[in-house]
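The following note records points for discussion on the structure shown here. It begins with a single residue and then widens to the chain.

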Amino acid sequence: NPSNQAANDLQELISSLAENVKIRLVVRQDTLEETLGSIRYHRSRLASTSYPPNLAEAATRIDISGVYRTFFQRVQESGKRINAQDYFSPYENNLVQILESKGITIFEGAKSTADYQQMYEVAEDIELQLQYEREKHKNSPKSEQKITHDVIFWHFIQDQRGSIILSPLEAKFWIVTLDYRFLAFDKFKSSRRGLLTACMHPTQLIQLLRFFVPRSP
């Protein structure tokens, strides 16, 4: 993803601000499960074939998903054949440990996904977003699973916040995402309800947190 560097920069900034402001990076269980599903999907699409460096180099020159591009870049850099099973297995089998090594923990005590799916407003938002994706992104609409995840996540974050929020800091809970479609949904939904947005791109959060960077002794 072109915004990966922004995500890395955000993590570095958070580490440097540990003494000034308390920040916790957490992931919901259903987000974890969606990520694992995505890993398995991309692994299966690449099949069990091992790819040589020359083929990988050619693949990086065409318009492909960032996940595939990164895989082929690793093959090219290694100078040897690599298969998708070997590449994706560490992520699939050790995702929680990898996240923890980056300071990201699983959020405990979250209201279950099933509870939200029973709510009329959530079900309505999911249906409307499905319709929007089919009309706006006819060639690559988001799957119902991804839309369900996003809509529930949005409602969950809004439920964590107080009823009166005067500043971004008072919101306390934010979704940090590189997904511009999710950001657009958030902007539309929040404005209609008169709420502070729930999502931030890493660059937005970096701008907010830089207020806490010491300028001098």
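1. Asp186 lies in helix α11, which spans residues 180-193. The model is a predicted one, and the remarks below should be read accordingly.

2. Is Asp186 buried or exposed? Its relative accessibility is 1%, and because buried means under 20%, Asp186 counts as buried.

3. What does the side chain of Asp186 reach? It comes to 2.8 Å from the backbone nitrogen of Cys199. The two residues are separated by 13 positions in sequence, and their C-alpha atoms lie 6.4 Å apart.

4. The surroundings of Asp186 include further residues. With residues up to four places away in sequence set aside, Asp186 touches Trp154, Thr197, Ala198 and Cys199. Cys199 is thus both a contact of Asp186 and the residue whose backbone nitrogen the Asp186 side chain approaches.

5. Helix α11 also takes part in the largest nonpolar core. This core has 18 residues, of which Ile175 and Phe182 touch the most other members. Two or more residues are contributed by each of α8 (120-136), α9 (144-160) and α11. The largest share, seven residues, is that of α9.

6. Phe182 merits a separate comment. Neighbours within four places in sequence aside, Phe182 is in contact with Lys142, Asp150, Phe153, Trp154, Ile175, Thr177 and Cys199. Two of these names, Trp154 and Cys199, also appear among the contacts of Asp186. The list for Phe182 includes the charged residues Lys142 and Asp150, as well as Ile175, the other residue named for touching the most members of the core.

7. A further core lies apart from the one just described. It consists of 13 residues, including Ala56, Tyr68, Phe71 and Phe72.

8. At the level of the whole chain, there are 12 helices and six strands. The C-alpha atoms fill a box of roughly 55 × 55 × 30 Å along the principal axes. Of the contacts with a separation of 6 or more, 67% are between residues 24 or more positions apart.

9. As to burial and surface, 36% of the 217 residues are buried. The accessible surface of the chain is about 13800 Å², and carbon and sulfur atoms account for 51% of it.

10. The chain carries 27 positive and 26 negative charges, and the mean positions of the two sets are 4 Å apart.

Note on methods
Residues numbered from 1 in each chain as written. Predicted model: local features only at pLDDT ≥ 70, side-chain atom pairs only at ≥ 80, totals over all residues. Heavy atoms only, no water. Helix = DSSP H or I, 4+ residues; strand = E, 2+ residues; numbered from the N terminus. Buried < 20%, exposed > 50% of the residue type's maximum accessible area, 1.4 Å probe, protein only. Contact = heavy atoms within 4.5 Å. Areas by Shrake-Rupley, 256 points an atom, 1.4 Å probe, with all protein chains shown as cover. Charge placed at Lys NZ, Arg CZ, Asp CG, Glu CD. Polar contact = N/O pair within 3.5 Å; in protein donor to acceptor, adjacent residues only side chain to side chain. Core = buried A, V, L, I, M, F, W, Y, C linked by side-chain atoms within 4.5 Å.
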